[in-house]
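Reader: Hello! I'd like to take a close look at one part of this model with you, and then hear about its surroundings.

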Amino acid sequence: MHVLSGLEMTRGSGRVTTTGTTPSGETSVGSAVEWELRLPGRPTLKIRDNHWRNGERDLRLHRPPVMPEMPSALSDLHERLRSGVAPTPGRPELRIMVYLTYVDERDRPRFNKSLTTWGLTDRVGLLVLRELTAREGVTLEPAHDRPNLPLVDLEDPQDEKPFQHALFFPAEDDETPVLGFAQFRVVPVLRHVGWLSSDGG
């Protein structure tokens, strides 16, 4: 599956058993679907879509037993800054939060939680967001149902009020959250370390 120019994502066959800490902090056993991110001439990266026994779910960049050589900011992203996949109160869709990764002055990956919609489109790319929201049943909206939040309009993105955005998708859609995780968490670090150009190539 095409993610950006030169960056491809492939779903692994079957599931792997995993142990770890869930988004709520509980130690649990689960099963994971692995997705491989490939760039020509670079080590393969693996995203795990973890389904925990207690019903929680998250996405993270999986750290293999032997790490290939890579820049420290990308190495440090492994097993950090995961995305929870959560139900939406009063709605049938699931969601992931649109928290965008950046690399701080110590070369550590961190994320921004609140951005204006224009700031989000400027950093992710309008085309990327349009491709995500063109998928069946997928919407980009304010993460929380609060008064006085502006509409998310990709035709006219506002640059006045920062807030938390979320990507909503049908519960049976297992591709969209992984694509979103790749775009929001991994791609900014790939650009920072020079593995992707700012235009995705």
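Reader: At what angle do helix H2 (residues 117-124) and H3 pack, and how far apart are their axes?

Author: Happy to walk through it with you; please keep in mind that this is a predicted model. Helix H2, which covers residues 117-124, packs against H3 at an angle of about 100°, and the two axes are 6 Å apart. An angle from 65 to 115 degrees counts as roughly perpendicular, and H2 and H3 are therefore roughly perpendicular to each other. On the H2 side, the residues that meet H3 are Leu120, Thr121 and Val124, while H3 brings Leu126, Val128 and Leu129. Sorted by class, this contact of H2 with H3 has 5 nonpolar residues and 1 polar residue, with no charged ones.

Now follow H3 to its other partner. H3 (residues 126-133) and helix H4 (residues 176-192) have axes that come within 11 Å and cross at roughly 165°. That makes H3 roughly antiparallel to H4, since angles over 145 degrees are counted that way. The crossing in which H3 passes H4 is left-handed. H3 makes this contact through Val128, Leu129 and Leu132, and H4 through Leu179, Gly180, Gln183 and Phe184. Val128 and Leu129 of H3 thus deserve a second look: they touch H4, and they also meet H2. By class, the contact of H3 with H4 has 5 nonpolar and 2 polar residues, and again no charged residues.

As you may also care about empty space, here is what a search of the whole structure gives: 1 cavity of 30 Å³ or more. The space in this largest cavity is about 30 Å³. Its lining is made up of Leu7, Leu37, Arg38, Leu39, Arg42, Pro43, Leu45, Leu190 and Trp195. Of these, 7 are nonpolar and 2 are charged, with no polar residues. Leu190 in that lining falls in H4, which spans residues 176-192.

The open space is worth a visit too. The largest pocket has a volume of about 200 Å³. It is lined by 14 residues, and those nearest its centre are Arg91, Glu141, Pro142, His144 and Asp145. The pocket lining divides into 7 nonpolar, 2 polar and 5 charged residues.

Terms used. Residues are numbered from 1 along each chain as its sequence is written. This is a predicted model: local features need pLDDT of at least 70, side-chain atom pairs count only at pLDDT 80 or more; totals for chains, interfaces and linings use all residues. Side-chain values use heavy atoms; hydrogens and water are left out. Axes are lines fitted to C-alpha atoms, for helices over the stretch in contact, and angles run from 0 to 180 degrees between N-to-C directions. Helices (H or I, at least four residues) and strands (E, at least two) are DSSP runs, numbered from the N terminus. Angles under 35 degrees count as roughly parallel, over 145 as roughly antiparallel, 65 to 115 as roughly perpendicular and the rest as oblique. A crossing is left-handed if the near helix is turned anticlockwise from the far one by less than a right angle, and right-handed if clockwise. Contact means heavy atoms within 4.5 Å. Ala, Val, Leu, Ile, Met, Phe, Trp, Tyr, Cys and Pro count as nonpolar, Asp, Glu, Lys and Arg as charged, and the others, Gly among them, as polar. On a 1 Å grid over the protein atoms alone, a cavity is a set of points where a 1.4 Å probe fits but cannot get out, and a pocket is an open set with protein on both sides within 12 Å along at least five of seven lines; lining residues have an atom within 4 Å of a point. Grid points are joined across faces, edges and corners, and a volume is the space filled by probe spheres set on the points.
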